[in-house]
Amino acid sequence: GVAQKEAMQRALEHLSAAAMGRDRLGTCLPSSTRLVRMNSEVSHGLEGLFWGSFGPHGPELVQLRQMPASEAFADAPDLIGDDPNETCVVAYKVTGDPNVPAGEASFRARIGRKSRLDSNGEYPEEIGIQRRFAGQGRVAQLGFTKAHWVQGELLEFSKSSGLTVEANSVIENADLGFVWSVPGELPFLVLFTRVRLSEFNV
């Protein structure tokens, strides 16, 4: 909606100002920050820029990148599995928060055909889950301390016009969702909507 786009506009302006060293709040990026040009207009598949609302942290921008399992799970070789070339997706934070800062991975998932999960009965059919994959979500305490991975699921929603009004009100026209399953807590879902920077003034 309009409010969501305005929130994302403010986040992008803050990021741009910090990168240029002219943020009015006095925030600036570390002198060692490495800036990399992103392909922001990818509009198909599980790649590109997406924004999601991370609870009290508000809207954050992530970049989804596809890569082989050997790269996605380089920090945990025992999780690479039998096929190091299996296609995976990793979401890196472009804008971060006090727990998981910019530049760090937010979640990852295997998206090869053999890694698809059966959606029957797991979620209401009417919300239109097109594909579902097992993954891991990153959680951490303030200052990115005690950072670790928890089990999770990547959900890809159907963009079919046949979705009911009630379904669209639940998923808010999102393209993707990721469920964090933190032990001892209720699972929580973050919805992600594709972003095209050409739609914003930055």
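This is a short tour of a predicted model, from its barrel to two residues with unusual backbone angles.

**Stop 1: the barrel.** Show the strands as a cartoon. There are 8 strands, and they close into a barrel. Follow the order β1-β2-β3-β4-β5-β6-β7-β8. The pairing is antiparallel. From one strand to the next, the twist averages 30°. Strands of a sheet pair through backbone hydrogen bonds, either parallel or antiparallel.

**Stop 2: where β1 meets β8.** Select residues 48-53 for β1 and residues 188-195 for β8. How many bridges join these two strands? The number is 4, and the strands run antiparallel. Now pick phenylalanine 50. Opposite phenylalanine 50 stands arginine 194, in β8.

**Stop 3: the loop between β5 and β6.** Move to β5, residues 129-141, and then to β6, residues 145-157. Select phenylalanine 144 in the loop between them. Check its backbone: phi is positive, about 55°, although the residue is not a glycine. Is phenylalanine 144 buried or exposed? Its relative accessible area is 23%, so phenylalanine 144 counts as partly exposed: buried would need a value under 20%, and exposed a value over 50%.

**Stop 4: lysine 146.** Step on to lysine 146, which has its place in strand β6. Here too phi is positive, at about 50°, and lysine 146 is not a glycine. Turn on the surface. Lysine 146 is exposed, because its relative accessible area of 62% is over the 50% cut-off.

**Last view.** Keep phenylalanine 144 and lysine 146 selected together. Phenylalanine 144 sits in the loop, whereas lysine 146 belongs to strand β6.

Notes
Residues numbered from 1 in each chain as written. Predicted model: local features only at pLDDT ≥ 70, side-chain atom pairs only at ≥ 80, totals over all residues. Heavy atoms only, no water. Buried < 20%, exposed > 50% of the residue type's maximum accessible area, 1.4 Å probe, protein only. Pairing = 2+ DSSP bridges. Axes fitted to C-alpha atoms, helices over the stretch in contact; angles between N-to-C directions.
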